[in-house]
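Here is a walk through one protein model, from its aromatic pairs to its helices, cores and sheet. Keep the structure open while you read.

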Amino acid sequence: MKLPPQAKKVFQGKIFSVHQWEQKLYDGTTATFEMLKRPGTIQIIPTTDKSMYLSYEEQPTKPRTYTFFGGRQEPDEEPLTTAKRELLEETGFESDDWELIKTYEYTGKIDWPMYLYVARNCRKVAQQNLDPGEKIEVKKVSFQEFLEIVSSENFWNLPVANDVLRMQLNKEKLEDFKKKLF
């Protein structure tokens, strides 16, 4: 959900900002509405040949789960620049073959875009350079293992998991998705 143009920022935290606006209701009265905004996050699926890589990670606020590599955009940073930076930091991989697969917009009272990229033909060029609050294992998986992990309760990214589950009901869409990855 995007912030309406008349919204005014009333608080700025480290990550989230709070915005308010007056909204006319159906009965003619008005009420104050609120919404959060935060920087976009980037998720990356790195691939090589017929393999893909997932993050098996732990952070201070959540238990060990599978997810994609990625992180938060810095102010004025383009999504692809964030993706390249995060992939290098979290895996030591680089790629010259990037594609934005989908942009997710969270529903509800938060303006929070999430960009899902594939990075094809990845190559190892450095060691991991993790943030102090990250413990990340790079897990090499096949496409079938990917489907099983993303469909499990131990996968953290629910919007993508939902898409993958839907694709599994439509073999043509699933095959198109697989072709995008490799």
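A residue is called buried under 20% relative accessible area, exposed over 50%, and partly exposed in between. Apply that to Tyr106. Its relative accessible area is 23%, so Tyr106 is partly exposed. Trp112 falls on the other side of the cut-off: at 17% relative accessibility, Trp112 counts as buried. Bear in mind that this is a predicted model.

Tyr106 and Trp112 also belong together as an aromatic pair. A pair of aromatic rings is described by the distance of the centres and the angle of the planes. For Tyr106 and Trp112, the centres lie 4.4 Å apart and the planes make an angle of 15°, a stacked arrangement. Searching the whole structure gives nine aromatic pairs.

Another stacked pair is Phe143 with Phe146, at 6.0 Å centre to centre and 25° between the planes. Both rings sit in helix H2, three residues apart, which means that about one helical turn separates them. Both are buried too. Phe143 has 9% relative accessibility, and Phe146 has 0%. These two rings are part of a cluster. Ring pairs link Phe68, Phe143, Phe146, Phe155 and Phe177.

What surrounds Phe143, leaving aside its neighbours within four places in sequence? Its contacts are Met52, Leu174, Phe177, Lys178, Leu181 and Phe182.

Now step back to the nonpolar cores. The largest has 25 residues. Ile45, Phe68, Phe143, Phe146, Phe177 and Leu181 have the most contacts inside it. Strand S5 (51–59), S9, S11, H2, H3 and H4 each give two or more residues to this core. H2 gives the most, with five residues. There is also a second, separate core of 13 residues, with Phe69, Ala83, Phe93 and Tyr117 among them.

Helix H3 spans residues 158–168. Which of its residues are buried? They are Val160, Ala161, Asp163, Val164 and Met167. These residues cover an arc of only 160° around the axis, so they lie on the same side of H3. The face turned away from that buried side carries the exposed residues Leu158 and Arg166.

The buried residues of H3 have several packing partners. These are strand S9 (97–105), strand S11 (113–120), helix H2 (143–150) and helix H4 (171–181). Look also at the start of H3. There, a side-chain oxygen of Asn157 comes to within 3.1 Å of the backbone nitrogen of Val160.

Next, the strands. Thr65 lies in strand S6, residues 62–67. With 11% relative accessibility, Thr65 counts as buried. Setting aside its neighbours within four places in sequence, Thr65 is in contact with Ser55, Tyr56, Glu57, Asn154 and Trp156.

Finish with a sheet. Four strands make up an open sheet with mixed pairing, in the order S1-S2-S3-S10. Which strands stand at its edges? They are S1 (8–12) and S10 (110–111). Each has a single partner strand, so one side of each is left without a neighbour in the sheet. The partner of S1 can be followed in detail. S1 and S2 (residues 17–24) pair in the antiparallel sense, over four bridges. To find the register, look at Lys8, which stands opposite Gln20 in S2.

Technical notes
Residues are numbered from 1 along each chain as its sequence is written. This is a predicted model: local features need pLDDT of at least 70, side-chain atom pairs count only at pLDDT 80 or more; totals for chains, interfaces and linings use all residues. Side-chain values use heavy atoms; hydrogens and water are left out. Buried means under 20% relative accessible area, exposed over 50%, partly exposed in between (1.4 Å probe, protein chains only). The arc is that of the directions from the helix axis to the C-beta atoms. Contact means heavy atoms within 4.5 Å. A polar contact is a pair of N or O atoms within 3.5 Å; within protein, one must be able to donate a hydrogen and the other to accept it, and residues adjacent in sequence count only if both atoms are side-chain atoms. A nonpolar core is a set of buried Ala, Val, Leu, Ile, Met, Phe, Trp, Tyr and Cys residues joined through side-chain atoms within 4.5 Å. Two strands pair if DSSP finds at least two bridges between them. Rings of Phe, Tyr and Trp (its six-membered ring) pair if their centres lie within 6.5 Å; planes under 30 degrees apart count as stacked, over 60 as edge-to-face and the rest as tilted.
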